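Work through these exercises with the coordinates open. Each task is followed by its solution.

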Amino acid sequence: MNDSNTHNSTPAQLTARKTADDTLTVFLSGKWTLDQPLPDIIELKKALTADNAVRTLSFDTQTLQEWDSGLLVFLIKARDLASSRNLTQNLNIDLSGLPDGAKRLFQLTTAVPKREGAEKSDTREPFLAKTGGAVINIAGSFKEMLDFIGDASIALLKFMTGRATYRSSDLFLIIQECGVEALAIVTLISVLIGLILAFVGAIQLAMFGAQVYVADLVAIAMLREMGAMMTGIIMAGRTGAAFAAQLGTMQVNEEIDALKTLGLQPMEFLVLPRMLALILMMPLLCIYSDLMGVLGGAVVGIGAFDITPVQYFEQTRGSVHLSHFLLGVVKSIIFGIVIALAGCQRGMNCGRSATAVGYAATSAVVTAIVIIIALDGLFAVITNILGV
Amino acid sequence: MDPKTAHITVRNLTMAYGDFVLMEDISFTIFRGDIFIIMGGSGCGKSTLLKILVGLKSPATGSVTIDDLNFWEVTPGERGKIMRRFGILYQSGALWSSLTLADNIALPLEQYTDLNKKQIREVASYKLALVGLTGFEDYYPSEISGGMRKRAGLARAMALDPDILFFDEPSAGLDPVSAKLLDDLILELRDSLGTTLVVVTHELPSIFAIGTNSVFLDVETKTMSASGDPNALLKECKDPNVRSFLTRGRE
């Protein structure tokens, strides 16, 4: 492919000269490889436009030392240039002067004619069309979500009447994954949240000499709000994303198709156990998180603000009502359903590529967290109106 | 051969994704015991046709009749019952990655038979042995090679002794010897169990070795351009695209 003296190679050069009345010859010399700068096609363009008598383009490569795809790219550009020139007659390209290999490769690029409409058009859509398209997309995804919630409810109903088909071994495995295995991170986050609440509260309360009420603050905040919400957010990031990625990958691998064609409903077989596991585990994790949060608060109250353990315990017991505790637990069950639905829906509707799986996981987490926070706000308003 | 009875009949089928029509006006009949080849160039809709036949995608228009039942007009429950008589080998195997090979084969058996655990395990071992995977019962799909995964997928497809076996590109990614063994296995299944086989493929050696009936989907005309025994097509068919396909572009 290359000539002998590659050691003292010269840079690629291009000169165009008329060698006959209607022939323009392009002299290629030096090293035409991609690893060095190649001459611009503009030289050729100038020569072509300057003279309208030219009917044939030929090449002379006697001083060409080395070539690779760089030369071919140039040849294709030259061809496009020749065919785009405003001429009544077409410009012929004479390939006989080229190295044999380059000639064959060049002919290969023209062997399959360009398919009509194969190139993607980059026409700009008008603003209104874009907005309309976006709205239709949102409406479509809303309908998809509703469809999914409906199907999930039917599956849950079937489970309650004992007619759902799923593997109980799957259910236990998922319960383990989203129960016991989440304890460590829930412990860490909850204790820290308790600590932070206690610090923020105690500094303010100490101004009135009422630092003992930090126990009330931590206990009520943890039980009513933070316990459920923090477990919700942790589980959305941990388990919701895992659900979406698992189901998405199964979609990519045709594993879900294989279930469907076997007559098994993915809704019952895959979504139901995931939903059940979270409905069962979320309240337990929430209660655990409440406890850890109160413990974290106690560490600060007892350690930094001179409250005795007995005092802290009594104060906490006095402030907490069953309604606080139940509100948190009920919320955590609802959050569990939200996480499971968001994770499974994104996974089941995942596209068939690796990027789609990543997108599904991200979208599952974002959706779940947004809905959790919004619902929590809604709960705060409702309980305030009801006076709970 | 006995007088043939129709097993799957497709009439005037149109396949489309939304507004984009992939293929129109496809009609063919698959007889009991046929090895039916769906062939055609890349992107012509072979896999889509297979999806319609196995119940994963509904046709835009036209009918698919399986054993005298209109497959796409019966209730989903009825369709599920028909689908239970299918075995499908997917392009990538599509084994359930969270289950071992034995469990993959056991799952359909657990769902649709009254066998006990021990019997199911025995059946699973037998099916694995049939495809040359003796001793791999407790491996997970990610622990074996692509060709083995394909064979395990075949073992799963055969779990319930199906009436119709569908293959989506069975020999793609297999070495020539394994591909030949798979062809032999396909012929053996047909002869010993009377299974009807529907194979999507563009491997010419397989097409001529096993095919008894076929349909050719032409991506240019957006419809089928030939149907029948591939060996007969090679001799008689006049369509230039079919000839070019069957002769590897020589004609």
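Rings of Phe, Tyr and Trp, the latter by its six-membered ring, pair if their centres lie within 6.5 Å. The model is predicted.

**Exercise 1.** Find the aromatic cluster that contains B:F71, and classify the pair B:F71 and B:W72.

*Solution.* Start with the members. B:F71, B:W72, B:F86 and B:F166 form one aromatic cluster. Now take the pair. The ring centres of B:F71 and B:W72 are 5.5 Å apart. Their planes meet at 70 degrees. Planes over 60 degrees apart count as edge-to-face. So the B:F71 and B:W72 pair is edge-to-face.

**Exercise 2.** Are B:F71 and B:W72 buried or exposed?

*Solution.* The cut-off for buried is under 20% relative accessible area. B:F71 has 0% relative accessibility, so it is buried. B:W72 has 19%, so B:W72 counts as buried too.

**Exercise 3.** Classify the ring pair A:W32 and A:F74, then place it in the chain.

*Solution.* The structure holds nine aromatic pairs over all chains. In one of them, the rings of A:W32 and A:F74 have centres 5.0 Å apart and planes at 55 degrees, so the pair is tilted. A:W32 lies in strand 2 (residues 23-32) of chain A, and A:F74 in helix 2 (residues 69-84). The two are 42 residues apart, so the pair links distant parts of the chain. Both A:W32 and A:F74 are buried.

**Exercise 4.** Which charged ends sit over the rings of B:Y17 and B:W96?

*Solution.* Over B:Y17 sits the charged end of B:K57, 4.4 Å from the ring centre. Over B:W96 sits that of B:R156, at 4.3 Å from the centre.

Definitions and conventions:
Residues numbered from 1 in each chain as written. Chains lettered and ligands numbered in written order. Predicted model: local features only at pLDDT ≥ 70, side-chain atom pairs only at ≥ 80, totals over all residues. Heavy atoms only, no water. Phe/Tyr/Trp six-rings, centres within 6.5 Å; stacked < 30°, edge-to-face > 60°. Helix = DSSP H or I, 4+ residues; strand = E, 2+ residues; numbered from the N terminus. Buried < 20%, exposed > 50% of the residue type's maximum accessible area, 1.4 Å probe, protein only. Lys NZ or Arg CZ within 6 Å of the ring centre and 35° of its normal.
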